[in-house]
Amino acid sequence: MTDAAPDLASLAQSIKDWGRELGFQQVGISGLELGEHEAHLQRWLDAGYQGEMDYMAAHGRKRSHPDELVPGTLRVVSLRMDYLPGDTQMAQRLQEPEKAYVSRYALGRDYHKLIRKRLQQLAERIQEAIGPFGYRAFVDSAPVLEKAIAEQSGLGWIGKNTLVLNRKAGSYFFLGELFVDIPLPEDAPHGSEHCGRCSACLDICPTAAFVGPYVLDARRCISYLTIELKGPIPEELRAPIGNRVFGCDDCQMVCPWNRFAKPTEQSDFQPRHSLDNAELAELFRWSEEEFLSRTEGSPLRRAGYERWLRNLAVGLGNAPSSIPVLEALEARREYPSELVREHVRWALEQHAQRQS
């Protein structure tokens, strides 16, 4: 930093202004005390709710102690960016079992690069104002308790569905963080939650993944099953998954606060390759080359081609027994991957049982 100490309150306001100019809807500043959230995380891990997400238990105290993850950190700048891509009629897609449901956040380009670039631009703006300073940007890419930090920064509260909720924006937004070594004035944490007696998110979950309010068993969550899980999807959870082939938004769709969610201003988050209105059978016919081409720069790459086919096979098993559906499954009956073959066999058995 420069020899002349900046007016920290003025700098904090400038950071918020610059953040909004860079496309973020809200910016808050948090201290480093996350003790209550650290204890909640440990209880969750002790229960084994993380499933195969071993990274959630890695890194020791660094996840809940930002200054241990990045030595010298004094504050965390937390930012949110809305991603809801307008009226994609995705709720209707859940009523059309031959169509594929892709979580709204994954319909467009991958958010990681876009937000990381904006965070870097914000850091450069700060550097122009005060000179060199220590910082590091994160976008869902390191052991960071981003939801806890967002709550501590005043961006919202962690709701019963374990997502950050905002009274003016709902929950359809991404979070990013800038760890800084500047003692900026902290924003007041979001003092209270506003879920009240509402249990809509807990009641709607297709796979009953919520152990209770604020506690999610990831091993039953459709987002985990279709994106994180590497092996077979448990048979008892396949039918409840329906046509959800990448992620799930049910607990957001029914949240009353999402009445206030606003469509994103970012063109990168608009649907690509008609993923908001695609037939399961059509997607299942994609070759690996087509998958790689059409998911370039997309969150769908996280699943990989084999798990993409696994997920689609489950969706096709739950779809009506039409000729396109059955032909698509038969075409993959002898697919080289046993993971895919097993799910295809299951899907064909579902159709055989319905027709018998």
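**Exercise 1. Place Cys 248 in the fold, then describe its surroundings.**

*Step 1.* Cys 248 sits in the loop that runs between β10 (244–246) and α10. Helices (H or I, at least four residues) and strands (E, at least two) are DSSP runs, numbered from the N terminus. A word on the source: this is a predicted model, in which local features need pLDDT of at least 70 and side-chain atom pairs count only at pLDDT 80 or more, while totals for chains, interfaces and linings use all residues. Residues are numbered from 1 along each chain as its sequence is written, and side-chain values use heavy atoms, with hydrogens and water left out.

*Step 2.* Next, accessibility. Cys 248 has a relative accessible area of 17%, so it is buried (under 20%; exposed is over 50%, partly exposed in between; 1.4 Å probe, protein chains only).

*Step 3.* Now the partners. Not counting residues up to four places away in sequence, Cys 248 touches Ser 103, Ile 222 and Ser 223; contact means heavy atoms within 4.5 Å.

**Exercise 2. Find which cysteines UniProt lists with Cys 248 under "binding site", and how they lie in space.**

*Step 1.* The unreviewed UniProt entry lists Cys 205, Cys 221, Cys 248 and Cys 251 for this feature. UniProt positions follow the numbering used here, feature names are shortened, and annotations may be inferred rather than shown by experiment.

*Step 2.* These cysteines are spread over 47 residues of sequence, yet they cluster in space, with a largest C-alpha distance of 10.8 Å.

*Step 3.* Take Cys 205 from that list: its place is the loop between α7 and β8 (210–212), and at 16% relative accessibility it counts as buried.

**Exercise 3. Do the same for the "binding site" that includes Cys 195.**

*Step 1.* UniProt (unreviewed entry) places this feature at Cys 195, Cys 198, Cys 201 and Cys 255. They span 61 residues in sequence, but no two of their C-alpha atoms are more than 10.2 Å apart, so they gather at one spot.

*Step 2.* Cys 201 belongs to helix α7 (residues 200–204), whereas Cys 255 is in the loop between α10 (250–253) and α11 (280–284). Both are buried, Cys 201 at 10% and Cys 255 at 11%.

**Exercise 4. Explain why Cys 195 forms no disulfide with Cys 201.**

*Step 1.* A disulfide is a covalent bond between the sulfur atoms of two cysteines; the cut-off here is a pair of sulfur atoms within 2.5 Å.

*Step 2.* The closest cysteine sulfur to that of Cys 195 is in Cys 201, 6.5 Å away, which is too far for a bond.

*Step 3.* Cys 201 is in no disulfide either, as its nearest cysteine sulfur, in Cys 251, is 6.2 Å away. Searching the whole structure gives zero disulfides.
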